[in-house]
Amino acid sequence: MDQRKQFTRRALVLAGGQLLIVSGLVANLYKLQVLEASDYQVMADDNRINVRLLPPSRGLITDRFGEGMAVNRPTYQLVLVSEQTESVAETLDSIGTLIELSERDIRWVLKETSRRSGFVPVTVREDLSWREVTRVEVNLPELPGVLIEEGQSRHYPHADLAAHVTGYVSAVSEAELTGDRLLELPGFRTGKNGVEKIFEQTLRGAAGTRNVEVNAFGRVIREISRDEGEPGEELKLTIDMGLQAFATRQIGDQAGSVVVLDLFNGDVLALVSSPAFDPNAFNYGLTSEAWQALLNDPKSPLINKAIAGQYPPGSTFKMMVALAALEDGIIQPEEEVYCPGTYELGNHTFHCWRRWGHGDVNLTEALKRSCDVFFYDVARRVGIDRIVQMAERFGLGGVTDVELTGERSGLVPTRAWKEAVYGEPWQGGETLITGIGQGFMLTTPIQLAVMAARIGNGVFKVMPRLARLDGAPDVPDFAPLDVAPELLDIVREGMNQVVNNPDGGTAYRARIEDEGMAMAGKTGTAQVRRITMAQREAGDDDVEVPWNERDHALFVAYAPVEAPRYACAVVVDHGGGGSAVAAPIARDVMREAQRRESVRWPGNEETPGDPEQVV
Amino acid sequence: MGQKLGGMSWGLLALLLLTAGLGFAMLHSAAGGDMRPWALAQMVRFGVGITLTVMIAMIDIRQLHRFAYLVYGGALLLLIAVEVKGSIGMGAQRWIEIDVPGVRFQLQPSEIMKVALVLALARYFHGLAPERAGRWFSLLVPLVLIGLPTALVLRQPDLGTAMMIVAGGAALMFLAGIALRWFVGGAIAVLASLPVIWSSLRGYQQDRVRTFLDPESDPLGAGWNILQSKIALGSGGLFGKGFLEGSQSHLNFLPEKQTDFIFTMLAEELGMAGALLLITLYMLIIAYGFGVALRCSNQFGRLLALGVVATFSLYVFINIAMVTGLIPIVGVPLPLISYGGTAMLTLMVAFGLLASAHVHRDIAIPRHTGGGPF
C-alpha cells in the first residue's frame with residue numbers, strides 16, 4: 001500500500017509536469033497562430049507569390065505625316081523545356097535540320113538544361129527568320145518541349161536617314177540601373193541618345209505585373225492575377241521624312257549638316273547630320289570592329305553635327321552686324337563705304353576676299369557681294385558689345401534646347417569672355433574679324449537656322465521644336481524679337497539680292513526659279529587655316545589643300561521671299577566655298593520643301609496666317 | 001476469454017481510432033487529395049496494429065512479466081545487429097531490411113527498444129523491495145538497462161530516440177520511487193557535462209542546435225525547415241486555411257509533411273482549433289492511461305501503464321515542440337498521425353501492454369516468478 005501510495009503521489013507529480021508542458025505548447029501555438037498569425041501570413045504569401053514583370057510595348061516614333069521612324073518588329077526565338085522531351089540532344093539534332101544551329105549553341109543548351117530545373121525554358125536561338133519559324137511550327141508535333149516565343153524588337157525602317165534624330169536603343173548599362181526592376185529584365189532596351197533618350201519615359205510606358213503562384217522549386221503553378229500595364233505612347237515628330245531623305249541624299253557622303261525649320265512655329269522639318277550610321281546595328285550589338293570603325297572615321301558619323309558641330313559662321317554673320325549698325329543709327333541704308341580690297345587698322349592689314357575690292361558699296365550691295373571691308377568698317381564703328389547683343393537676340397551663343405542630346409552652345413565672344421579665358425583685353429582687330437564671322441566666334445548649324453528663321457519671321461524669337469506632343473499649340477508663344485521691321489526689310493533685301501541678283505549676287509547660281517518659291521540667303525566660308533601672305537601672293541586658295549584643312553562651306557536661307565515660311569542652314573565640312581558647295585544644296589532642299597509643302601500638319605490643313613497678324 | 005474481452009478497454013480503442021482517423025485525413029491531404037501513397041498504407045498498418053493491441057491485451061500480464069527481460073534482450077540484440085549490418089536510410093543507420101518471402105519491410109529496432117525498456121524496467125522495479133529503492137546500488141541495473149541502448153542509439157546516430165529512451169527510463173525510475181536526490185544529482189551531472197556533450201555532437205547535429213537558436217541566420221539552409229514550419233503553422237491562424245488547402249504544405253515549402261511535420265500541416269489546414277482538437281485527443285489517451293495505472297493493483301502493471309503513457313507523451317511533446325521551433329529538430333514522429341510503419345506498430349503493441357494491464361488489473365503478481373532468466 002505504501003508503494004502504491006508513493007506511486008500515486010509520484011504519478012500525480014508526473015501528471016502535473018505533463019500538464020505544465022502541454023500548457024506551454026498550447027501557449028506557444030497561441031503565440032504563433034493568433035498573435036503572430038498575420039506576420040506569418042505575409043511570409044507565407046511571400047513564399048508562394050512571385051511578381052513577374054510584363055515589359056510594355058515601346059511607343060512608336062513617327063514623322064509629322066505618320067510615317068514610321070522607329071517601330072517595333074516581332075522577333076522570334078526558339079525555346080526548349082527539357083522536362084517535356086525525352087532526349088535534349090536528339091531534339092537539338094532535329095531542330096538543327098530545320099534552323100541554323102551552331103556547335104557552340106548546341107553545347108551551351110546542353111549545359112544549361114543539365115544545370116537548371118527541367119521546367120525552366122532554355123533559349124536555343126534568338127532572332128529566327130520567318131522561314132525558320134514556319135519550318136519549326138510545321139514540325140512542332142515531332143518536337144516535344146519546343147516552343148516559339150514572340151518578342152518585340154526596335155526597328156528603324158529608314159536606317160541611317162534619320163539616325164541622329166531618332167537616336168537608338170540598346171541594352172541597359174550598369175550606370176543606368178535605377179532599381180526599377182523593369183530595367184533588369186534581360187533584353188530590355190533603353191534609349192541611349194536622340195529622341196529615344198529624351199522621351200524615354202513617354203516611349204517606355206509602364207510595365208504590367210503578373211502575380212504567379214510558385215512552389216518551393218520555383219515552378220509556376222498558376223497565375224493569380226494580371227495587370228497589363230501601359231504601352232508606351234506614340235511620339236509624333238515635326239520631321240517630314242520625305243524631306244529628310246531628300247536632304248540626306250543631297251549632301252551625299254560629304255561631312256556636314258542640313259537643318260530646315262518652319263519659321264512660324266519652329267517645327268524642325270529636317271535635321272540631317274552626315275555621314276550617319278545605321279541605328280539598327282546598335283539594337284543587336286555592334287562588333288567591336290564596327291564600333292572602332294565608327295569611332296575612328298575622320299568624318300565623325302557618331303556626332304550630330306547639326307547641333308554639336310561648332311563652326312565660325314563666316315559671312316553668314318554679316319546680317320547681325322548690319323542690324324546692330326542700323327538699329328544704333330551707326331549707318332544709314334544708302335551710306336556707302338569704299339572697298340579697295342584691304343583695310344588698315346593700327347599696323348595691321350585686313351583683306352577682303354576680292355583682291356581688288358568692290359569699290360563703293362552700301363549695305364545692300366555689301367551683303368549681296370559679301371564685301372568684307374564694308375563689314376570691317378561697320379563692325380569697328382558699332383563695337384563688339386552691340387554686335388554680341390544683336391547676335392544673342394537672334395539665337396546665337398546659347399543652346400536652342402531642341403529635344404536632342406549633346407547640343408553645344410557655340411560661342412559669341414565678349415570682352416569679359418576674352419578677359420576670363422585669355423587674360424587679355426579685347427583687341428580692335430578682333431572686332432573686325434568677328435564682324436565677318438571669323439575668329440573666336442562659333443555657331444552650330446541649328447543656331448544658324450534659327451537665326452535665318454528669326455530674320456524671315458521678323459516678329460518673334462522663334463525656337464525650334466522636334467516633337468509635337470498632345471495638346472501642344474500649333475504656334476507656341478514666342479517672345480517678341482523687337483527689331484524694327486523697316487530695318488529687317490533692308491537686311492532681307494540684301495539677302496534676296498545675294499541669291500536672285502545676277503550682278504554680283506554671290507549665290508546667284510543657287511536661285512530657285514520656280515514660281516513663288518524664290519529663296520533669299522547668305523553664303524559663308526569659315527576659315528580653318530590661316531592664309532599666309534606668301535600663299536595669298538601665289539594665288540593659292542584652298543583648292544589643293546588637304547581635306548581637313550579646307551574651309552567649311554555655309555549657307556543660310558529663307559523662302560519664299562514674298563511670304564517667308566521655311567528657313568534653313570547648310571554646312572559642309574571642309575567644303576570650300578559657301579556659294580559653290582553649300583548654296584546648291586540649300587536651293588534643292590528649299591525647293592523640295594516648298595513643293596512638298598512640308599509645313600502641312602495633318603488634321604490642320606489651314607496653315608496659320610502671317611505672323612505679323614498674330615499678336 | 002469472453003470475460004476478458006468484456007473488460008477490454010474499449011474507450012481506449014475508440015480514442016485510438018479517432019486519433020488515427022484524423023491521421024488518415026491528414027495523410028490524404030498530404031498526398032494532394034489522394035489516398036495513395038500514404039493514407040491507404042497507414043490504414044492497413046493501423047488495422048494490423050489494432051489487432052495486435054487486442055491480441056496483446058489478452059495476454060496474461062504474468063506472462064508479460066515473465067518474458068520482460070527476454071524481450072529486452074531481443075531488442076538489444078537487434079540494436080547491435082543494426083550496428084553490424086544496418087542499411088543506410090536518411091543519412092543514419094536505423095533500419096534493418098527484412099526480406100521474408102512475400103513481404104519486405106524495414107525494422108527500426110530503436111523504436112522497439114522504447115517499449116522493451118519499459119517492460120524491463122517495470123519488471124525490475126516490480127521485484128525491488130521498497131526499502132531498497134532508496135539505496136544507491138539499486139540504481140545500477142536500471143542505469144545499465146537504460147545506458148546500453150542509449151549508447152547504441154547514439155552511435156547510429158539518433159539523438160531524438162536517445163533522448164526519449166533516457167527520458168522514458170528516468171520517468172519510470174521516478175515513478176518507481178527512486179529517491180529524489182538522485183534526480184537532482186543527475187540533472188546537475190547532465191548540465192555539467194553539456195560542454196562534453198556538445199563537442200561529441202556531430203557536425204550536423206551542432207548545426208541543428210545552432211539554427212534552432214537562430215533560424216534566421218541560415219534561412220535557406222539549415223534554418224529552412226524550422227522557418228517554413230512556423231510560417232505554415234502561423235499562417236493557419238485560428239481556424240486554418242481549410243482541409244486540403246494548406247498552401248505551404250502543398251507547394252512543397254514544408255518538407256516532410258507526411259512524417260515529422262505533419263502536425264504543422266494539420267495546424268495550417270485546420271488552424272489552432274484543429275491543433276487543439278488533436279492535443280485534446282492525446283490528453284484523453286494519456287488520462288485514460290493514468291486511470292488504468294491508478295486502478296492497477298500490481299506494481300508491474302502500474303509501471304507498465306505509466307511507462308507506456310510516458311513514452312507516448314514524449315513523442316507528442318517532442319514532436320510538437322520541434323515543429324513549433326521550441327527545440328531543435330530531432331526527427332521524432334507524431335504518434336498515430338505520422339506516416340511510418342515501425343513507430344505505429346510499436347505504439348499499438350505498447351497500447352496492447354497498457355490494455356493488458358487494464359484487463360488484468362486485479363491480478364496480483366508475486367515479486368519474483370520462476371522460469372525465464374533472472
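Me: Two residues are in contact if their C-beta atoms, placed from the backbone, lie within 7 Å. In this predicted model, what share of the contacts in chain A with a separation of 6 or more comes from residues 24 or more positions apart?

Reply: The share is 75% for chain A. In chain B, residues 24 or more positions apart account for 71% of the contacts with a separation of 6 or more.

Me: Why is chain A called more spread out than a compact globule?

Reply: The globule rule gives 25 Å for 615 residues, and the radius of gyration of chain A is 35 Å, well over that value, so chain A is more spread out than a compact globule. Its C-alpha trace spans about 145 × 65 × 55 Å along the principal axes. Chain A has 22 helices and 19 strands, and buried residues make up 41% of its 615 residues. In chain B, with 15 helices and three strands, buried residues make up 48% of 374.

Me: Which domains does the assignment give for chain A, and how many residues of each make the contact?

Reply: Domain 1 of chain A covers 52-236, and domain 2 covers 241-289 + 305-602. Their C-alpha centres lie 47 Å apart. Domain 1 of chain A gives 31 residues to the contact and domain 2 of chain A gives 23. On the domain 1 side, the elements with two or more residues there are strand E5 (146-155), helix H6 (163-166), strand E6 (169-171), helix H7 (194-198) and strand E10 (235-236) of chain A. By class, that side has 14 nonpolar, nine polar and eight charged residues.

Me: Why does A:Val169 count as buried?

Reply: The cut-off is 20 or more other C-beta atoms within 10 Å. A:Val169 has 26 C-beta neighbours inside 10 Å, so A:Val169 counts as buried. This residue is in strand E6 of chain A. Leaving out residues up to four places away in sequence, A:Val169 touches A:Arg154, A:Arg189, A:Thr190, A:Gly191, A:Lys192, A:Glu196 and A:Asn283. A:Asn283 is 114 residues away along the chain, yet the C-alpha atoms of A:Val169 and A:Asn283 are separated by 6.1 Å.

Me: What makes strands E1 and E9 of chain A stand at the edges?

Reply: The open sheet has three strands in the order E1-E8-E9 (chain A), paired antiparallel. E1 (49-54) and E9 (220-227) of chain A each have a single partner strand, so one side of each is left without a neighbour in the sheet. The twist from one strand to the next averages 30°.

Me: How do you know that E8(A) and E9(A) pair?

Reply: Pairing needs at least two bridges between the strands. E8 (residues 208-214) of chain A and E9(A) have six, in the antiparallel sense. A:Glu213 stands opposite A:Arg222 in E9(A).

Me: Which strands stand at the edges of the open sheet E12-E11-E19-E18-E17 (chain A), and why?

Reply: The sheet has five strands with antiparallel pairing. E12 and E17 (520-526) of chain A are at the edges, because each has a single partner strand, and one side of each is left without a neighbour in the sheet. Here the twist averages 5° from one strand to the next. Within the sheet, E18 (residues 552-559) and E19 (residues 566-572) of chain A pair in the antiparallel sense over seven bridges. A:Tyr558 has A:Ala567 in E19(A) as its bridge partner.

Me: Which residues of helix H9 (residues 241-251) of chain A are buried, and what covers them?

Reply: The buried residues are A:Met241, A:Leu243, A:Gln244, A:Phe246, A:Ala247, A:Thr248 and A:Ile251. Their cover includes strand E3 (68-81), strand E11 (256-262), strand E12 (268-274) and helix H22 (578-596) of chain A. H9(A) lies across E11 and E12 of chain A, at about 30° to E12(A). Just after H9(A), A:Gly252 takes a positive phi of about 65°.

Me: How many residues of chain B are in contact with chain A, and which element gives the largest share?

Reply: On the chain B side there are 38 residues, in contact with 33 of chain A. Elements giving two or more residues to that side include helix H7 (159-176), helix H11 (224-236) and helix H14 (299-323) of chain B. H13(B) gives the largest share, 10 residues. By class, the chain B side has 24 nonpolar, 12 polar and two charged residues.

Terms used
Residues numbered from 1 in each chain as written. Chains lettered and ligands numbered in written order. Predicted model: local features only at pLDDT ≥ 70, side-chain atom pairs only at ≥ 80, totals over all residues. Helix = DSSP H or I, 4+ residues; strand = E, 2+ residues; numbered from the N terminus. Nonpolar A, V, L, I, M, F, W, Y, C, P; charged D, E, K, R; others polar. Axes fitted to C-alpha atoms, helices over the stretch in contact; angles between N-to-C directions. Rg over C-alpha atoms; globule rule 2.2 N^0.38 Å. Buried ≥ 20, exposed ≤ 12 C-beta atoms within 10 Å, placed from the backbone. Domains from an automatic or database assignment.
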